[in-house]
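Subject: Structure handover

Hi,

Here is the structure we discussed. Please have a look; notes follow below it.

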2 protein chains.
Amino acid sequence: MTTRSELSLAQRKRQLVATELTDAALQLLALKGFDAVTVDEIATTAGVSKRTFFRYFASKEDVVVQFLSGMGADMRAGLAARPDGERPSEALLHSVSVPLTTCGEHAERALPVVRLILRTPALLARFLEHQAEWREELTEELAARLGRDPEADLYPRLAAGMALAAFDAVLRRWSEGEDTESTADAGALIGEAFAMLAPALDSVTS
Amino acid sequence: MTTRSELSLAQRKRQLVATELTDAALQLLALKGFDAVTVDEIATTAGVSKRTFFRYFASKEDVVVQFLSGMGADMRAGLAARPDGERPSEALLHSVSVPLTTCGEHAERALPVVRLILRTPALLARFLEHQAEWREELTEELAARLGRDPEADLYPRLAAGMALAAFDAVLRRWSEGEDTESTADAGALIGEAFAMLAPALDSVTS
DNA sequence: GCCTCCCATGACACTGGGTGTCAAGTATGA
DNA sequence: TCATACTTGACACCCAGTGTCATGGGAGGC
């Protein structure tokens, strides 16, 4: 009736179709493998046309990987929220922990998806693209934070790269663990990784 | 006549077509942009059919990026060739310098290609895929070198990731430089980057 | 309650990347 | 000289992704 529920209705309709599509996709892809499933098949399973699929997702890969889009901004915000003057290793640790703990909390749903991504070349490529975007975001935020020029100074990009290398290593390890036990120890692993990185991250002399 | 020149002839024919194809591709892509050029166009320019193009290159991206294929093995070999007991930072520095100096030596041809790759999303994605392969190779070699298990121990993958983060940061900086001056200073930059990394790379306590 | 406008959808056609298949051409090797 | 194997082009095909248009249903104004 009012503007609120009216908008909310359209919104919810859209959300409904999107979930239907992702659910169908995830199920089919996990079952038959990425290449053996066509977009037509996914769309039909979800009860819409192929054309509609592409109005919701930019590509066949996107239906799996799209949830990664926001994480760059999340990590950047997480970094921006850290207190001024905090050591880079500490600040970056918290920044990178954001998506990791999110994963851990929804391990039930997230783990199969992560595994699917890591073992499907086309999906992995998109994942790496997202990581590269995150690296840019972290680079900019870190440079701003430290008052450095990311074009002239190697440190910001390097530090961002190190943080994401830790993220990637931990994610791979986490995805190999048992379904049940590994819910929370991603936090421990990322801490371990940053303990190794800290000597380099925090010697900001130049 | 003998087996030698006979094989060499077939080989050279193949090589000839391949270079014709890459030359045509590089010229057209640099001129019109990646998306505005079709494989048909490239093939026709090189004087062959589209079908033949795909007998030489696995994808449209590959014709630009294919030369990266060997670099993983090169870097791995470069790492394996370092003396036992050398500090990881030193060994990895030399390992990663191999492709970088190769780039520097052929800067005339390499620079435009690198720039094309870095500013074309589809090409960048393939580049990142290659980097991921290199990271696996370095991880394995480094683990073997240090007698560590890359599945149980975060250090090898993390160190490989750091090395490639340095590689990537330096490559990006190098590609931004002036056409003339930056031939040799990639070496200086990668040294600078590894100086930052060394405190973390060489504290192999755990 | 009706009419209008907007928006989501489906149908359709089309481009372009990538592959399987087959037939013809060419060089090699006996 | 003939048989063989390899390379190529032609053609048909699949599928991802996009532009376009007609339609239908729902929301808001009257």
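In chain B, B:M71, B:D74, B:M75, B:G78 and B:L79 of α5(B) meet B:A91, B:L92, B:H94, B:S95, B:V96, B:V98 and B:P99 of α6(B). Contact means C-beta atoms, placed from the backbone, within 7 Å. By class, this contact has eight nonpolar, three polar and one charged residues. Nonpolar covers Ala, Val, Leu, Ile, Met, Phe, Trp, Tyr, Cys and Pro; charged covers Asp, Glu, Lys and Arg; the others, Gly among them, are polar.

The model is predicted: local features need pLDDT of at least 70, side-chain atom pairs count only at pLDDT 80 or more, and totals for chains, interfaces and linings use all residues. Residues are numbered from 1 along each chain as its sequence is written, while chains are lettered from A and ligands numbered from 1 in the order in which they are written.

Helices α5 (71-80) and α6 (88-105) of chain B pack at about 145 degrees, axes 8 Å apart. Helices are DSSP runs (H or I, at least four residues), numbered from the N terminus. Axes are lines fitted to C-alpha atoms over the stretch in contact, and angles run from 0 to 180 degrees between N-to-C directions.

Now the DNA. Near means a C-beta atom, placed from the backbone, within 6 Å of the strand.

- Strand D: 18 residues surround it, with A:T38, A:S59, A:K60, B:S49 and B:T52 nearest. The classes are seven nonpolar, five polar and six charged.
- Strand C: 17 residues surround it, with A:S49, A:T52, B:T38, B:S59 and B:K60 nearest. The classes are six nonpolar, five polar and six charged.

Best regards

Methods
Helices (H or I, at least four residues) and strands (E, at least two) are DSSP runs, numbered from the N terminus. Two residues are in contact if their C-beta atoms, placed from the backbone, lie within 7 Å.
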